[in-house]
Amino acid sequence: SGDHIRIHYTLTTTSGLPLDGAELTFDTEEVDLVVNAGGFIPPLHNALNGASLTVDQPETLTLTKPFGERDPRLGPIPVPAANAPKGMKPGDRAGLSNGATARVISVTDDKVMIDANHLYAGEDLTLTVTLLEPPNHRALEDAVFAAGCFWGVEL
């Protein structure tokens, strides 16, 4: 915990299929991070905390439901077709009135089935991680970030 590490990692389904990049809200591949300092999904930090990784030797670990359990209240849910935007098709994303996003599962003349669960909710994933250099090999440097409602984020 607290170690600065540089790793290369990938997440796949337990059957080896790559994850849909549109569903990911964090970097993958080669990253620098401080274990347990946030910025990545908590199960990644949990898997790395206390792991005995060796430089340049890939390790494969299972992350147990890193996106949580499926919530039946989030879908699939039928929506009357008259209340859905015209032209919706399976795979489309729909913005909901609460700010959440749902995937369109199916469309018929009278209803659109949507699901606001994360695509990988309820699934275990496979983490393949390679330590690229010894922990704390490079010193961390301070960075100052600024954000505003009109400018976006700046470094």
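These are my notes from going through the structure above, which is a predicted model.

**Overall layout**

I started with the chain as a whole. It has 1 helix and 10 strands. Reading along the sequence, I get the pattern β-β-α-β-β-β-β-β-β-β-β. Of the 155 residues in the chain, 31% are buried. I also looked up the contacts with a separation of 6 or more: residues 24 or more positions apart account for 64% of them.

**First sheet**

Next I traced the strands. One open sheet has 4 strands in the order β2-β1-β8-β3, with antiparallel pairing. Which strands stand at its edges? They are β2 and β3 (59-63); each has a single partner strand, so one side of each is left without a neighbour in the sheet. Neighbouring strands here are turned by 40° against each other on average, direction ignored.

I then checked β1 against β8. The two run antiparallel and are joined by 7 bridges. As a landmark I noted His8, which stands opposite Thr130 in β8.

**Second sheet**

I found another open sheet of 4 strands, in the order β4-β7-β6-β5, again with antiparallel pairing. Its edge strands are β4 and β5, each pairing on one side only. From one strand to the next, the twist averages 45°.

Inside this sheet I picked out β6 (residues 101-107) and β7 (residues 111-115), an antiparallel pair with 4 bridges. Arg103 has Asp115 in β7 as its bridge partner.

**Cores**

I looked for nonpolar cores after that. As a rule, nonpolar side chains in soluble globular proteins tend to be buried together. The largest core in this model has 20 residues. Those with the most contacts inside it are Ile7, Tyr9, Leu33, Leu44, Leu48 and Leu127. I asked myself which elements supply at least two residues each. The answer is β1 (4-13), β2 (29-34), α1 (42-48) and β8 (125-131).

There is another core apart from that one, with 7 residues. Ala84, Ala102, Val104 and Val112 are among them.

**Asp92**

I stopped at Asp92, in the loop between β4 (77-80) and β5 (93-95). Where does its side chain reach? It goes to the backbone nitrogen of Lys89, at 2.9 Å. Leaving aside neighbours within four places in sequence, I have Asp92 in contact with Gly87, Ala102, Arg103 and Val104. Two of these names were already in my notes: Ala102 and Val104 belong to the core of 7 residues. Arg103 is the bridge partner of Asp115.

**Ile41, Phe67 and Tyr120**

Ile41 sits in the loop between β2 and α1. Is it buried or exposed? Its relative accessible area is 9%, and the cut-off for buried is under 20%, so Ile41 counts as buried. I also took the C-alpha to C-alpha distance from Ile41 to Phe67: 8.2 Å in space, for residues 26 apart in sequence.

Phe67 led me to the aromatic rings. Searching the whole structure gives 1 aromatic pair. It is made by Phe67 and Tyr120 and is tilted, at 6.5 Å centre to centre with 40° between the planes. I placed Phe67 in the loop between β3 and β4, and Tyr120 in the loop between β7 and β8. The two are 53 residues apart, and their pair links distant parts of the chain. Both Phe67 and Tyr120 are buried.

How values were computed. Residues are numbered from 1 along each chain as its sequence is written. This is a predicted model: local features need pLDDT of at least 70, side-chain atom pairs count only at pLDDT 80 or more; totals for chains, interfaces and linings use all residues. Side-chain values use heavy atoms; hydrogens and water are left out. A nonpolar core is a set of buried Ala, Val, Leu, Ile, Met, Phe, Trp, Tyr and Cys residues joined through side-chain atoms within 4.5 Å. Buried means under 20% relative accessible area, exposed over 50%, partly exposed in between (1.4 Å probe, protein chains only). A polar contact is a pair of N or O atoms within 3.5 Å; within protein, one must be able to donate a hydrogen and the other to accept it, and residues adjacent in sequence count only if both atoms are side-chain atoms. Contact means heavy atoms within 4.5 Å. Two strands pair if DSSP finds at least two bridges between them. Axes are lines fitted to C-alpha atoms, for helices over the stretch in contact, and angles run from 0 to 180 degrees between N-to-C directions. Rings of Phe, Tyr and Trp (its six-membered ring) pair if their centres lie within 6.5 Å; planes under 30 degrees apart count as stacked, over 60 as edge-to-face and the rest as tilted.
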